[in-house]
Amino acid sequence: MAAGCTSGGEKPDGKGSTGTTAAPTKAPTGTPATTPTALDFTPDPKRAPKTEAAARRLALAVVAGPDAWAPGYVKRTPYLSDPDYWPVLGATCSWETGTRPADVLASVTAYSELPAVDGKGVLRVAATVTVHRTASDADWEMASTLEEALRCPDQKLRDGERITGLMSLGNPFGVGGNATADDAIREGGFYINDAVKGKQPYSWYQSRIGQVTVATVVKGAPGYQELNDGTTTGTAQAQVQALVTMQQRAQDELEVRS
């Protein structure tokens, strides 16, 4: 999994966002360590979806439901996004409902949550799968996601909900620990809900496998401050698990089979 900070996530419920990219650094001298140069994934052109119906079937097969996160997570109501739903970050840094781009065949978001327990609030999460016409189109979505957080570090999700202090970092395969996807983004910041006291951690991960992008988002809740401590335990581990599950499913759906 690539590391970094993120914005985005359930914006307002499904699309990613952006941030700043790391400055280039001078190549180190000496003998470099041996690292993989490409993802171990060969897409089969015959299996690539070419229609909206085929793309939606793939998205539904890939998207992470509550079982992919961790024990205790359940479906929210509604559970799946509308087939035509496409959020757009407007000029005022507010998320609005837009029109799905021509290069996107289908996009599905599944909404789950960890119910309130032991004094902790309801932890809301979501997973999104977007199927593009080509891998190049999906790559452009990743670049756009990075640009959004840079342009709008503070974003309004909907009335009474916003995210602030967004930062992000993109890592192509082989960079920053990314060994599981063609490209990866991680964004982080704070989630503010007028109905809940204080700021909560906010985390968005997004990866690309060929023509498919997958993303997971966690909007923090009281009692879940560990989201922001950089560890891989608890909710952070569940988020990574859901993301990697979708990466593996996407490869299974698209790759050449012997």
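These are my notebook entries on a predicted model of one protein chain.

**Overview**

I started with the inventory. I count four helices and 12 strands in the secondary structure of the protein chain. The chain has 258 residues, and 50% of them count as buried. I also looked up how far apart in sequence the contacting residues lie. Among contacts with a separation of 6 or more, 72% join residues 24 or more positions apart.

**The sheet**

In what order do the strands of the open sheet run? I read E3-E6-E7-E12-E11-E10-E9-E8, eight strands with antiparallel pairing. The edges are E3 and E8 (155-158), each of which pairs on one side only. Going from neighbour to neighbour in this sheet, the strands are turned by 25° against each other on average, with direction ignored.

**Strand E7 and its two neighbours**

Next I went to E7, residues 123-132. How many of its residues are buried? Nine of the 10 are, so I noted the strand as mostly covered.

On one side, E7 runs antiparallel to E6 (residues 104-114), and 10 bridges join the two. I picked out two pairs here. Ala110 faces Ala127 of E7, and Glu113 has Arg124 of E7 as its bridge partner.

On the other side comes E12, residues 212-219, again antiparallel to E7 and joined to it by eight bridges. The pair I noted is Val125 with Val218 of E12.

**Helices on the sheet**

I then checked what the helices do around these strands. H1 lies across E3, E6, E7 and E12, and its direction makes about 25° with E6. H4 also packs on the sheet, where it touches E7, E11 (200-209) and E12, with about 165° between its direction and that of E12.

**H1 against H4**

H1 covers residues 52-62 and H4 residues 234-254. I wanted the geometry of their packing, since two packed helices are described by the angle between their axes and the distance between the axes. For this pair the angle is about 140° and the axes are 9 Å apart. Roughly antiparallel or oblique? The cut-off for roughly antiparallel is over 145 degrees, so I put H1 and H4 down as oblique to each other. The crossing of H1 past H4 is right-handed. From H1, the contact is made by Leu58, Ala61 and Val62. From H4, the partners are Met246, Arg249, Ala250, Glu253 and Leu254.

**Helix H3**

H3 takes in residues 135-151, which makes 17 residues. Does its length fit a helix, and what span should I expect? At 1.5 Å a residue, the expected span is 24 Å, and the end C-alpha atoms are 25 Å apart, which agrees.

Which residues of H3 are buried? My list reads Asp137, Ala138, Glu141, Met142, Thr145, Leu146, Glu148 and Ala149. I kept the helix repeat beside this list: an α-helix has 3.6 residues a turn, so residues three or four places apart point the same way.

**Arg133**

Arg133 sits in the loop between E7 and H3. Its relative accessible area is 45%, so I entered Arg133 as partly exposed. Which residues does Arg133 touch, leaving out those up to four places away in sequence? I found Lys50, Ala102, Asp103, Leu105 and Gln211. I also looked up Pro49: the C-alpha atoms of Arg133 and Pro49 are 7.7 Å apart, while 84 residues separate the two in sequence.

**Backbone oddments**

Last, I went through the backbone.

- The peptide bond from Thr77 to Pro78 is cis, with omega near 0°. Pro78 belongs to E3, residues 74-80, and E3 is one of the edge strands of the sheet.
- Cys93 has a positive phi, near 65°, in a residue other than glycine. Where is Cys93? I found it in the loop between E4 (87-89) and E5 (95-97). Buried or exposed? Cys93 counts as buried, because its relative accessibility is 16% and the cut-off for buried is under 20%.
- Asp118 also has a positive phi, near 50°, and is likewise a residue other than glycine. Asp118 lies in the loop between E6 and E7. With a relative accessibility of 76%, Asp118 counts as exposed.

Definitions and conventions: Residues numbered from 1 in each chain as written. Predicted model: local features only at pLDDT ≥ 70, side-chain atom pairs only at ≥ 80, totals over all residues. Heavy atoms only, no water. Expected span 1.5 Å × (residues − 1). Buried < 20%, exposed > 50% of the residue type's maximum accessible area, 1.4 Å probe, protein only. Pairing = 2+ DSSP bridges. Axes fitted to C-alpha atoms, helices over the stretch in contact; angles between N-to-C directions. Parallel < 35°, antiparallel > 145°, perpendicular 65-115°, else oblique. Left-handed = near helix turned anticlockwise from the far one by under 90°. Contact = heavy atoms within 4.5 Å.
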